[in-house]
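Thanks for sharing this one. Below are a few notes on the ligand site and on the aromatic side chains, in the order I would look at them.

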Amino acid sequence: MALFTLVSGSVGVVTLQNPPVNALSAAVRHGIVDMMDKALSEPEVKSVVICGQNGRFCGGADIKEFGKNMTGPPLVPMIHRIESGAKPVVAAIEGIALGGGLELALGCHYRIAHSKARLGLPEVHLGLLPAAGGTQRLPRLIGVPAALELITTGRYVTAAEALRLGMVDEVTDGNTVDAAVKLALSVAGKSLDARRISNYPCPQPPGLDRFFETAMQQVRQSARGAMAPVACVQALRAAASQPYGEGMQREKELMDTLFHSGQARALQYFFFAQRAVGRWSTPSGSRWDSSKPRPVHKAAVVGLGTMGRGITVALAQAGLSVVAVETHEKQLMEARQAVSGMLERGAKRRGVAPAYGKISYSSDLLPVADVDLVIEAVFEDMELKRSIFEQLSEICKPDTFLCTNTSGLDIDRLASHARNPELVVGMHFFAPAHVMKLLEVVYGPRSSPQAVATAMLLGRKMDKVSVAVGNCPGFVGNRMLKPYLEQAFFLLEEGATPELVDQALEEFGFAMGVFRMSDLSGLDVGWRVRKADGLVVAGASTGPSARSRRGFRYSPLGDLLCERGRFGQKTGSGWYRYDKPGGRVAKSDPWLHGFLEQYRADHGLAARRVDQQEVLERCLYALINEGFRILEDGIAAGPEDIDVIYVLGYGWPRHRGGPMFYATTVGLSEVLERLEHHHRAHPDVPGLQPCRLLRKLVASGSPPVHSWREFIKKSRSHL
Ligand SMILES: CCCCCC/C=C/CC(=O)SCCNC(=O)CCNC(=O)[C@H](O)C(C)(C)COP(=O)(O)OP(=O)(O)OC[C@H]1O[C@@H](n2cnc3c(N)ncnc32)[C@H](O)[C@@H]1OP(=O)(O)O
């Protein structure tokens, strides 16, 4: 909806009304068209201001309408009517002007922004491009290179940057609508010829062809198979090389393809999934809307290794006072220096002062006595963590929340060493913790709803997407990683190479294949876990038991590399070789290939041809199958939780929506059939045995992903 009011006798103010973000739903578009007709036709109206209700200009097209039958006036002619009208129109931008909202503002003749407003064209994150003239007007206004950067990244800019770039005419700290009315009064009756952006020539970057070739190369490289960024470059190229009308036609053609694509569906699903995870629930009935978080003003981080440092920075940047504890003096000094550097770089990027003063450092635990919440981030060792929890229980206030950054240890066991087990939750961050968006909040059977709610909110404050998950070995992310890694090892035994497996996964869209990733994070991490699980048998053996544990197939390949000191990048060799310890560029390693051949010979394994499709099916479907088990077990409440964890924490390509969404695009019955096929070929691999929930979903006609939560709830008692 849109409201019309006449202000100061001659300014028509059109207010968009569609909480919470004044998205351009069909009703809003109808409202704008009607109110603009009124403003342009009524003689007493000399100029117009467009603004949004509740301090938010406009969040763009209504994403909830996509994928449905689109009705109502289309955006392009609506914006054209505003631009070509005879009366000056001023956009009063408060809060946000995003996507179609910014395109609407670009169709206005003047733009005033509040100093706290953010502007951007984020369509690329939804698998789209700004197709209401954004790709044609923005480069005409701010130049091709700046427009290209904003449109291909979807980055939001502050009002100050928008002013510098020339996107807005004025920035105000005061009342934006009042300032816009004042401007509207002053420009009434003046010529609009120089204010219609579509009439501007598009400034040509020098060496047009070369410029776009380079841009296209860079975008293709970072897009990892996503179509929208590529289409954005194509639309910008049309803006730079064709008249406005033809550019608009090209924009439309590109949008028509994107709008109906599977990638757009996946990315739009993911947009809502990131928000859905905030509405968490647990099997015991705790819920986001009935659990009140407690305020956290002061927090402590215990253990200042890589994770602890990142967590300290993220807490300080969120405005909390932090006590950072490291008992080894030398490491404390190093950590202090590293944290200061991270704060400085972060502050520079965000254009604010570094939050040095928020952090106090200590080599003992005593200063944590008055904090509201502690995050323990020491070495992944249950005994060590147990002893810290016991000490914290003595030192801290009785109501202090005790959180652990474990990536897989038993939260409930740790809680049993705390004075108040109900105040214990896991806060599993991902490295680097001040950068990565994901936080797994792990609740044990004794965690109170308030502890979960507090950790979830704290994560949001730290600019993370928090996902609540239940307690089990590996939680959600690492638990699903296990069958994925296992399949990759088995494929090597059967004839594949790390290069072949990684190439298949990277072409699928992963930032890194499984072996390059394993080299980066360190092979010793998994080795330690397998040792703790009693799976590692020292020394190479070739008997029938060498490749079997507890009656199931097991590959000792990772263990054998670790025994040889090949821990990955840090030691200069792992599944690949590197120039030096700490080197980053993975090179194919002839030693490794020889080692695999010898291994197969020792174990009587005949190498066979493994193709990319088999790599994807074995690795990804095994991972997805574990995802279904996690849903079945109630460890994650819905598929959105799993998908958010995998995209934000494990490099799953966003344009494929996450593993559970991806399964729906393949077809659940196809996933089931291929798992059955691979399980028949490898009956000693339980990870390939389709789980009951998957079978049940297929038997029920493969209902859409958004209905799984309800489906699981209803069928849990029968599973
Ligand atoms: C073939 C021709 C077709 C023509 C199609 C025309 C295409 C037009 C291009 C576009 O405009 S696409 C949309 C571009 N806009 C965006 O991508 C905005 C995305 N939103 C955000 O970045 C944030 O939501 C925000 C606006 C900055 C607000 O952030 P905040 O943290 O304050 O709140 P949220 O929890 O994110 O959102 C609150 C609530 O609002 C819902 N929502 C947000 N934006 C939209 C939107 N554009 N359409 C519909 N709904 C929106 C969001 O989902 C939350 O609701 P929920 O119920 O919790 O999910």
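How many residues surround the ligand, and which are the closest?

1. The shell. This is a predicted model, and in it 26 residues surround the ligand. The closest are Arg56, Ala61, Gly100, Tyr156 and Arg275. By class, the shell is made up of 15 nonpolar, 4 polar and 7 charged residues.

2. Where the shell comes from. Three elements each give at least two residues to the shell: strand S5 (96–98), helix H10 (244–259) and helix H11 (262–276). H11 provides the largest share, with 3 residues.

3. Backbone contacts to the ligand. Please have a look at three backbone positions here. At glycine 59, a backbone N or O atom lies 2.9 Å from a nitrogen atom of the ligand. At alanine 61, a backbone N or O atom is 2.8 Å from a ligand oxygen atom. A polar backbone atom of glycine 100 lies 2.7 Å from an oxygen atom of the ligand. As for cover, the ligand on its own has 1100 Å² of accessible area, and the protein covers 78% of it.

4. Aromatic pairs. There are 18 aromatic pairs in the structure. One of them joins phenylalanine 211 and phenylalanine 212: the ring centres are 5.1 Å apart and the planes meet at 85°, so this pair counts as edge-to-face, the cut-off being over 60 degrees. Phenylalanine 211 is partly exposed, at 21% relative accessible area, whereas phenylalanine 212 is buried, at 2%.

5. A second pair of phenylalanines. Phenylalanine 271 and phenylalanine 272 have ring centres 5.0 Å apart and planes at 85°, so they too are edge-to-face. Phenylalanine 271 has a relative accessible area of 23% and is therefore partly exposed; phenylalanine 272, at 29%, is also partly exposed.

6. Charges over rings. Which residue lies over the face of phenylalanine 271? It is arginine 275, at 3.8 Å from the ring centre. I would view this together with the first point, where Arg275 is listed among the closest residues to the ligand. Elsewhere, lysine 531 lies over the face of tryptophan 527, at 3.6 Å from the ring centre.

7. An aromatic cluster. Finally, do look at Tyr484, Phe508, Phe510, Trp652 and Tyr662, which form one aromatic cluster.

How values were computed. Residues numbered from 1 in each chain as written. Predicted model: local features only at pLDDT ≥ 70, side-chain atom pairs only at ≥ 80, totals over all residues. Heavy atoms only, no water. Near = heavy atom within 4 Å. Polar contact = N/O pair within 3.5 Å; in protein donor to acceptor, adjacent residues only side chain to side chain. Areas by Shrake-Rupley, 256 points an atom, 1.4 Å probe, with all protein chains shown as cover. Helix = DSSP H or I, 4+ residues; strand = E, 2+ residues; numbered from the N terminus. Nonpolar A, V, L, I, M, F, W, Y, C, P; charged D, E, K, R; others polar. Phe/Tyr/Trp six-rings, centres within 6.5 Å; stacked < 30°, edge-to-face > 60°. Buried < 20%, exposed > 50% of the residue type's maximum accessible area, 1.4 Å probe, protein only. Lys NZ or Arg CZ within 6 Å of the ring centre and 35° of its normal.
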